[in-house]
Amino acid sequence: MSILEVKGLQKVYASRFGGNKVEALKNVSFSVEAGEYVAIMGESGSGKTTLLNILAALDKPTAGTVILDGKNLKEVRESAIAAFRRDNLGFVFQDFNLLDTFTLEDNIYLPLVLTGKSYQEMRERLMPIAEKLGISALLKKYPYEVSGGQKQRAAVARAMITNPKLILADEPTGALDSRSTDELLQQFAEVNRMGQTILMVTHSVKAASVSSRVLFIKDGEVFHQIYRGSDTDEQLYQKISDTLTLLATGGMKQ
Amino acid sequence: MKIGFYPRLAADGIRKNKRMFTPFILTCAGMVMMFYIIMYLAVSSVLDSLIGAETLRQMFALGSWVIAVFAAIFLFYTNSFLIRRRKKEFGLYNMLGMGKRNIARILFWETLITAVVSISLGLVGGIAFSKFAELGMVNTMHGEVTYDLSVSGVAVVRCLQVFGVIFFLLLLNSIRQVRFSSAISLLRSENAGEKPPKGNWLFGILGIALLAGAYYLAATIENPVAALFVFFAAVVMVIVGTYLAMISGSVLFCRMLQKKKSYYYKPNHFVSVSSMVYRMKRNGAGLASICILATMVLVIMASTACLYFGERDVIESRYPRDINLEFRFDELSDFADERTQILKNGVMAELEARNVTPQNAYYYRSANLYGVIRDDVVEVNSVFISEAEAINSSYLFYFVPLADYNEVMGTHETLDEGEALLYSYRTDFNTDRITFRGGESFQIKKKIDAFTGSGDTAMDMLSSLMLVIPDLETGLQQIDNIAVYEGSKLLQMKWICNLDTELTPEEQITLYHDLTNTFLNDSVKETLGYVGVYTSSQEFEQDDFYGLFGSLFYLGMILSFVFLLATVLIIYYKQISEGYEDQARFAIMQKVGMTKREIRKSINSQLLTVFFFPLILAAIHMCFAFPIVRKLLLMFNLNNVILFAATTGISLLIFAVFYTIVYRLTSNAYYKIVSDAREEKG
């Protein structure tokens, strides 16, 4: 069953005075099945972030449709969008986006508090997640007191705690050192094995190589995709590298 | 090129942080303006024609120091927002190779520019405001009285001095903060939340102790005029105490809310409580500032309004009837009934000759003198007494014969020899027997609680005791004999005659002048048998009172207005600066799924949580200021507690409504700032 369906997505940015038009997305179509772990790769400026913003309902497409779990995003009313996002999507950002005013624990609770869950229930949900992500001991600390990797794990916990249909991750390893990156990717893979659908935008080959499918975007279009099949992470890594080389040298598109 | 570098960098910094600096400069200018106006009133000639000008002047002079202390504390508070924002920038400069010394130079220029701009703005505002106030002054005065309000050099110089020092201290504080932190901690400082102050308990206890001390002083000061310095010390204690108590109180309160899980983890409390904890100290300081200004507004508004609306009261207690006559004698024998009768007939004849029929008239004989109660005995000829005695145990004693009392009051009291009825005015003096040293002694038969007295009691600041005794002529001989100072008698003897007429105000004034001239005539004095006379007319005196109370009322309104303006600035500043701080946070929360409605709700929740604190504390302050202000009002003969309570209540209400409106409006500004923050990310 496909949880996310994207059809013919187009996004055109007009500059402020309507002069130059930039086509960030030309024609993007793909779908994500439940339980999949999809990585979207592309160079800077290829439209990755635009795509993610549209999927997150933070931005509106110029044309095309996004259907999340059978629901067309276009049909969700403006006033209900925030609540829709909160209930169906989990976010992990490159720069963590944790709030300095909250402890890590409260940061993780934020989306649940907004839906009006009791403290008891939130705590019960948090404990196994915190255990799995290895942040149980850090819950009472504030974001400015912990390392980047720890912050990102708290952000992952925040994304997971609502049991979202889909986790959207935007360069989650972008601001992390290599050790934290490895840990985080392992945790992502594990979360995915438990059935969580993940869509990750990245330009790190390493991050992409733990996913089950990699989509390549170039010039606003889905250019190519690689299924993991029975490959190991290393084999997938190699395939991705090769594809990127081709993309960079521009040898294929004729 | 090199000379202009730092100033230019500083000016650039201010321009780029316009949205932080504009409210800051505005609040500074507001403080300068407030200080200028108070200082101006203290030194200008505006007060000259008012009764008690010296006292008022002294109050304004001391008041200006109170404002200076307040301004210093408050500007430190506002400046802390600014430093926090700027630290990041300075961290970056530091990283790019600029030394702390260079940053200090930028800071110096920045402070200089801010100081110059805000002090000039404030002075211009203050001068313009005092000019503008002049127009209204004449209006309230019921005519004629005019004051020229102009620029006061002394006030300007004092403004420059005080705010020069404050800005210098602000600069030192900023430099200190930059100096003692590394580039990295500067860069990150904006993210870190406030730690609760070390020894929060200590500050809290100190604050409460200061408040308690100030309250104690307020409750025990007997004469606020004599103890003006103590009074203002109490005011400063209240200010400092309020800050300390509010800051540690709000830290404690926020912690408590956060600990209470069922409250904290609610959609509308979650965000607001956490951001209050995040800036708990500044939050407390902001609330304390509001509270202090609220108290100032309340005291001033309530007392001057009370004076203004009570002026009828004052005039009537001071001048009981349309025409009031007081004839003086020298000898106790002049109190003989037949002597009084001659006088009365003479007065009636004069009235009749002018076709005046007396209405509501009453007449009585009275003898009075000052006495100090020492060891339960009244000393009547001690001229030298200490100030404490003057305030606490001296009284004006009145003696009225029983016959006159019964006639005036329409009662049928009886007294035996050596007995007396006691009426105490402005005092709750209570005793069974009053003995005069070397004189008569009176057994108090009972206490009475009313007498239509002459204006004397009302005019005198001392408390007075009235004794109704069987007969003046025979009952006071010993006292009369001993109450002598350097050959002159201390016992004042008089016959009082107060009456209403049916005349128009103009006719009353004509009659008043006419009667005064007649009774001052020596041959009339001789015929009727008195040595001196004092005449007064309600209509004639009332203009003066309107002038006096009108101008006091006006002063009060101006001051209240200035303080209200400062309150608006504080609230505005609080909302705007917090708004910009919270902008990024609300952007994140919107990404995570917070709706605009929820933002609204959480703003309202914050509002309701802390909104009433300053009001409640201001009301408590007001309760303790109440006795002092009452005593000050007594100076003006106003003894109407109910009216004062009413004006206090109404002032509180007006302030609360005003405060609510301002809070609502500014919280809209806050909402706009935080909800528009859909920060665009690449």
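Modeller: In this predicted model, a residue counts as buried if 20 or more other C-beta atoms lie within 10 Å of its own, and as exposed if 12 or fewer do.

Biologist: Is B:L396 buried or exposed?
Modeller: B:L396 sits in strand β4 of chain B, which runs over residues 394-401. Because 20 or more neighbours are needed, and B:L396 has 20 C-beta neighbours inside 10 Å, the residue is classed as buried.

Biologist: How far apart in space are B:L396 and B:L465?
Modeller: Along the sequence, 69 residues separate B:L396 from B:L465. In space, C-alpha to C-alpha, the separation of B:L396 and B:L465 is 6.1 Å.

Biologist: What share of the contacts in chain B between residues at least 6 apart in sequence join residues at least 24 apart?
Modeller: Chain B has 682 residues, of which 44% count as buried, and it holds 23 helices and 12 strands. Among its contacts between residues at least 6 apart in sequence, the share joining residues at least 24 apart is 86%.

Biologist: Which helix of chain B gives the most to the largest nonpolar core?
Modeller: That core has 200 residues, and B:V32, B:F35, B:Y36, B:C159 and B:V297 touch the most other members. The top contributor, with 21 residues, spans residues 538-592 of chain B and is helix α21.

Biologist: Which residues does B:F35 contact, leaving aside its neighbours within four places in sequence?
Modeller: B:F35 is one of the core residues that touch the most other members. With the neighbours within four places set aside, its contacts are B:S64, B:I67, B:A68, B:A71, B:C159 and B:V162.

Biologist: How many residues are in the other core, which lies apart from the largest one?
Modeller: Among the members of this other core are B:L465, B:L472, B:M493 and B:V533. Its residue count is 53.

Biologist: Where in chain B is confidence lowest?
Modeller: The mean pLDDT of chain B is 81, and 88% of its residues reach 70 or more. Confidence peaks in helix α5 (residues 153-179) of chain B, at 90. Where pLDDT is low, predicted coordinates should not be read in detail. In chain B the lowest mean, 53, belongs to residues 456-459, helix α16.

Biologist: What is the phi of B:N355, about?
Modeller: B:N355 lies in the loop between α13 (337-353) and β2 (359-374) of chain B. The residue is exposed, because 8 other C-beta atoms lie within 10 Å. Most residues other than glycine have a negative phi. B:N355 is not a glycine, yet its phi is positive, at about 60°.

Biologist: Is B:N360 buried or exposed?
Modeller: B:N360 belongs to strand β2 of chain B, and its phi is also positive, near 45°. Because it has 12 other C-beta atoms within 10 Å, B:N360 is exposed.

Biologist: Which helix gives the most to the side of chain A that touches chain B?
Modeller: The contact takes 24 residues from chain A and 23 residues from chain B. On the chain A side, α2 (78-88), α3 (104-115) and α4 (119-133) each supply at least two residues. The one that gives the most, with 6 residues, is α3(A).

Biologist: How many residues on that side of chain A are nonpolar?
Modeller: By class, this side of chain A has 5 polar and 4 charged residues. The nonpolar residues number 15.

Biologist: Which residues does A:I108 contact, leaving aside its neighbours within four places in sequence?
Modeller: A:I108 lies in helix α3 of chain A and counts as buried because it has 29 C-beta neighbours inside 10 Å. Beyond the four-place window, A:I108 contacts A:L126, A:A154, A:A157, A:R158 and A:I161.

Biologist: How many residues of α5(A) are buried?
Modeller: Helix α5 of chain A covers residues 148-160, and its end C-alpha atoms are 18 Å apart, which agrees with the span expected at 1.5 Å a residue. What covers its buried residues includes β6 (89-92), α3, α4, β7 (166-170) and α6 (178-193) of chain A. Of its 13 residues, the number buried is 12.

Biologist: Which residue stands opposite A:I217?
Modeller: Strands β9 (213-218) and β10 (221-227) of chain A pair in the antiparallel sense over 6 bridges. They form a hairpin with 2 residues between them, and A:D219 in the turn has a positive phi of about 50°. In β10(A), the residue opposite A:I217 is A:V222.

How values were computed: Residues are numbered from 1 along each chain as its sequence is written. Chains are lettered from A and ligands numbered from 1 in the order in which they are written. This is a predicted model: local features need pLDDT of at least 70, side-chain atom pairs count only at pLDDT 80 or more; totals for chains, interfaces and linings use all residues. A nonpolar core is a set of buried Ala, Val, Leu, Ile, Met, Phe, Trp, Tyr and Cys residues joined through C-beta atoms within 7 Å. Helices (H or I, at least four residues) and strands (E, at least two) are DSSP runs, numbered from the N terminus. Two residues are in contact if their C-beta atoms, placed from the backbone, lie within 7 Å. Ala, Val, Leu, Ile, Met, Phe, Trp, Tyr, Cys and Pro count as nonpolar, Asp, Glu, Lys and Arg as charged, and the others, Gly among them, as polar. The expected span of a helix is 1.5 Å times one less than its number of residues. pLDDT is the predictor's confidence in each residue, from 0 to 100. Two strands pair if DSSP finds at least two bridges between them.
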